[in-house]
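User: Please take a close look at one part of this model, beginning with a single position and its surroundings. A connected account that then sets that part within the rest of the chain would be appreciated.

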Amino acid sequence: MRLLLVAAALVACAAAHEHHGEAPTCAGGGGRVVAEFRPGEVTLDGHPADWEAVEASEFSLLPALDPDDDKAYTGGKVAVKAVHDGVNVFFMLQVDGDYAYTKGESKKCPSVALMFQVGEKATYYNMGGCKDLPGSCTRKSCRDHEVDIMHFSVGNAIPGRLYGGNHIDNAAGNGGDRFGHLVDVYAWNPHCRYLDGIGPKENNSNAQNDWHGAWWHSSLTFHSGFVDDDSPYGKKDDKGTYYFEFSRPLRTMDQFQQDAQFTIGEPSNMAVAFWYPTDGKPWSNSQHYSASCDWVTLDIQPSLEAARYRPAPNRSWDAATAFALLLSVVAVCVSIFVGYSASKNKSGVQFTQLAQI
């Protein structure tokens, strides 16, 4: 029972796009985030220094329920960067904002989410778009409407420390994170969303949290690293920039359509959401900003070496091949002739005793 209550609390905070009614009119939706092949360049610690050479895609942060330019996030745009190393994909989100942190109260701290299309029918609006009402969603009735969500509420997360998938929650077979609330969630619509490994009327207890991440704020001073006793870690309302850094394997061992599966060279659909406690007031699940009012294309590119590689045409009878074959035939013929001659000469040799010489 306790696990279910904890899961319900976590998922209640994991709404990447809680929409209702018809999709709002939106201009300038969409966009593109390029993930270049840059192995060994990124350390997952929340710090931006190792991302300086990576080009960012910038998006206006508009209210998800009313994407009006006049109501955009006052701190400015969000910069989204991505790279991959052939095994994992990495993301860096940068958002300007005054420092706000209240320990243990996630809704009084900034929060971010990434959402990815899984099912072919999954829509950006209404978090997958399945028509089923609360309590009636199932894997069969909402098939192909699945979306994959990573949500990070930093109210219990120490800046610069790593959170997400851990041995305790993964051993329990779910996508939770009891330490930092960096959770792995899937959904069919805003009313039907669950931690990976937990679902309606059944418990798919084979899942795990495949995400890891960290956060930082540019106003924080860094020595040997913060610990829990240093909370709130910085001075309230200090000007600066928030950094949220994440990683996940390109492919996971998901068996239930709960994780997006990324392939190098093939585009994927993603979305970015941001919550901020304006004037110190806690945010609500639907009170968030979106980086676009439609899917953003995630382009995971092959390495430059692979892109430039062009194998030579298959010429089965070019000059080099013909000459090599000719040499082989000559060598075989010479070997047969020498062997035959040696055998013939040996049979004609007379044996002479040593004493007669």
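Analyst:
**The surroundings of Leu298**

Apart from neighbours within four places in sequence, Leu298 is in contact with Val33, Ala35, Ala82, Phe91, Phe116, Phe262, Glu266, Pro267, Ser268 and Met270. The model is a predicted one. Several of these partners can be assigned to strands: Val33 and Ala35 lie in strand 1 (residues 32-37), Ala82 lies in strand 4 (residues 78-84), and Phe91 lies in strand 5 (residues 88-96). Phe116 falls within strand 6 (111-117), while Pro267, Ser268 and Met270 fall within strand 13 (267-275).

Leu298 is also one of the residues that touch the most other members of the largest nonpolar core, a set of 55 residues; the others named are Phe91, Leu114, Phe152 and Phe244. Strand 5 makes the largest contribution to this core, with 6 residues. A second core, separate from this one, holds 14 residues, including Val147, Val183, Val185 and Leu195.

The strand pairing around Leu298 comes next. Strand 15 (residues 296-300), which contains Leu298, runs parallel to strand 1, and 4 bridges join the two. Among the bridge partners, Ala35 is matched with Ile300 of strand 15. Strand 1 is also joined to strand 4, again in the parallel sense, through 3 bridges. There, Phe37 has His84 as its bridge partner in strand 4. As a general point, side chains in a regular strand alternate between the two faces of the sheet.

Just beyond strand 4 comes Gly86, in the loop that leads from strand 4 to strand 5. Which residues does Gly86 contact, leaving aside its neighbours within four places in sequence? They are Phe37, Leu250 and Ile264, and Phe37 is the residue already met as the bridge partner of His84. Gly86 has a relative accessibility of 34%, so it counts as partly exposed. Its C-alpha is 9.0 Å from that of Pro249, although 163 residues separate Gly86 and Pro249 in sequence.

The loop between strand 12 (241-249) and strand 13 holds Thr252. Is Thr252 buried or exposed? Its relative accessibility is 14%, so Thr252 is classed as buried, the threshold for that class being under 20%. The side chain of Thr252 makes a polar contact of 3.0 Å with the side chain of Asp259. Beyond residues up to four places away in sequence, Thr252 touches Asp210, Asp259 and Gln261. Another buried position is Cys109, whose relative accessible area is 0%.

The disulfides lie elsewhere in the chain, and a search of the whole structure finds 2 of them. One joins Cys130 to Cys142, with an S to S distance of 2.1 Å. Both of these cysteines are located in the loop between strand 6 and strand 7 (147-153), 12 residues apart. The torsion about their S-S bond is about -70°, so this disulfide is left-handed. Cys130 and Cys142 are both buried.

The other disulfide joins Cys137 to Cys192, with an S to S distance of 1.9 Å. Cys137 belongs to the loop between strand 6 and strand 7, whereas Cys192 belongs to strand 10 (residues 192-195); the pair is 55 residues apart and links distant parts of the chain. With 65° about the S-S bond, this link is right-handed. Cys137 and Cys192 are likewise buried.

Cys192 leads in turn to a further strand pair. Strand 9 (residues 182-189) and strand 10 are antiparallel and share 4 bridges. A hairpin of 2 residues connects them, and Asn189 has Cys192 as its bridge partner in strand 10. Cys192 therefore takes part in a strand bridge as well as in a disulfide, a pair of cysteine sulfur atoms within 2.5 Å. Strand 9 also covers Val183 and Val185, which are among the members of the second core.

Finally, the whole chain gives the setting for these details. The protein has 4 helices and 15 strands, and 43% of its 357 residues are buried. Of the contacts between residues at least 6 apart in sequence, 75% join residues at least 24 apart. The accessible surface amounts to about 18900 Å², and carbon and sulfur atoms account for 54% of it.

Methods:
Residues numbered from 1 in each chain as written. Predicted model: local features only at pLDDT ≥ 70, side-chain atom pairs only at ≥ 80, totals over all residues. Heavy atoms only, no water. Buried < 20%, exposed > 50% of the residue type's maximum accessible area, 1.4 Å probe, protein only. Contact = heavy atoms within 4.5 Å. Areas by Shrake-Rupley, 256 points an atom, 1.4 Å probe, with all protein chains shown as cover. Polar contact = N/O pair within 3.5 Å; in protein donor to acceptor, adjacent residues only side chain to side chain. Core = buried A, V, L, I, M, F, W, Y, C linked by side-chain atoms within 4.5 Å. Pairing = 2+ DSSP bridges.
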